[in-house]
Amino acid sequence: MTTERIQQTESLLDTYGKLRWQKYILEQQIQELEPQAIQQAFDVLCNGETVNGKRKVYQSTGEYPCSISLQFRTVKPKPSDDQDLESLAEAIALEQRKAQYHNADALQSIEAAIATLQAKRDELSQTDAGRQLQAEYAERESALTCKKPSFLVRLE
């Protein structure tokens, strides 16, 4: 590689690294601001000051046009977030293991029957021509599969 080409490559990689840092910093700033922004949006919603009379709480048309709507998502707690949930989850798992132990023979018989039925279903739902097409598909997919270059960036 020529010196000019090396400098150009280093410059591109340097720019890429700097942009990744900027992205990281901006994401951190957004995370810090989000709780306060949500509170402000909630106040706008509660005061009936929305942009469109619904959930749109902000709209700009300037240099960085955007609209912001307040959404409410249902978020289920994780058992590790609550002692009672964690205890209940452990009790449920224990009861399930007990039932599986006491019904091991019946469960094994059912699992074998399910496997047999699934194999029969698979056999009946496909023809020789279909199997040949699947083989061709897999071969073609394998031939077209390639490795796409990407970066692994560690911000230090």
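Colleague: Is W21 buried or exposed?
Modeller: W21 is partly exposed, with a relative accessible area of 33%, where buried means under 20%, exposed over 50% and partly exposed in between, for a 1.4 Å probe and protein chains only. This is a predicted model, in which local features need pLDDT of at least 70, side-chain atom pairs count only at pLDDT 80 or more, and totals for chains, interfaces and linings use all residues. Residues are numbered from 1 along each chain as its sequence is written, and side-chain values use heavy atoms, with hydrogens and water left out.

Colleague: And how many aromatic pairs are there?
Modeller: Two turn up in a search of the whole structure; rings of Phe, Tyr and Trp (its six-membered ring) pair if their centres lie within 6.5 Å, and planes under 30 degrees apart count as stacked, over 60 as edge-to-face and the rest as tilted. W21 and Y24 make an edge-to-face pair, at 5.6 Å centre to centre with 90° between the planes.

Colleague: Where do W21 and Y24 lie?
Modeller: Both are in helix α1 (residues 3–46), three residues apart, about one turn of the helix; helices (H or I, at least four residues) and strands (E, at least two) are DSSP runs numbered from the N terminus.

Colleague: What about F42 and F72?
Modeller: Their ring centres are 6.3 Å apart and their planes are at 75°, so this pair is edge-to-face. Because F42 lies in helix α1 and F72 in the loop between β2 (66–69) and α2 (83–102), the pair ties together parts that are 30 residues apart in sequence. F42 counts as partly exposed at 36% relative accessibility, whereas F72 counts as exposed at 51%.
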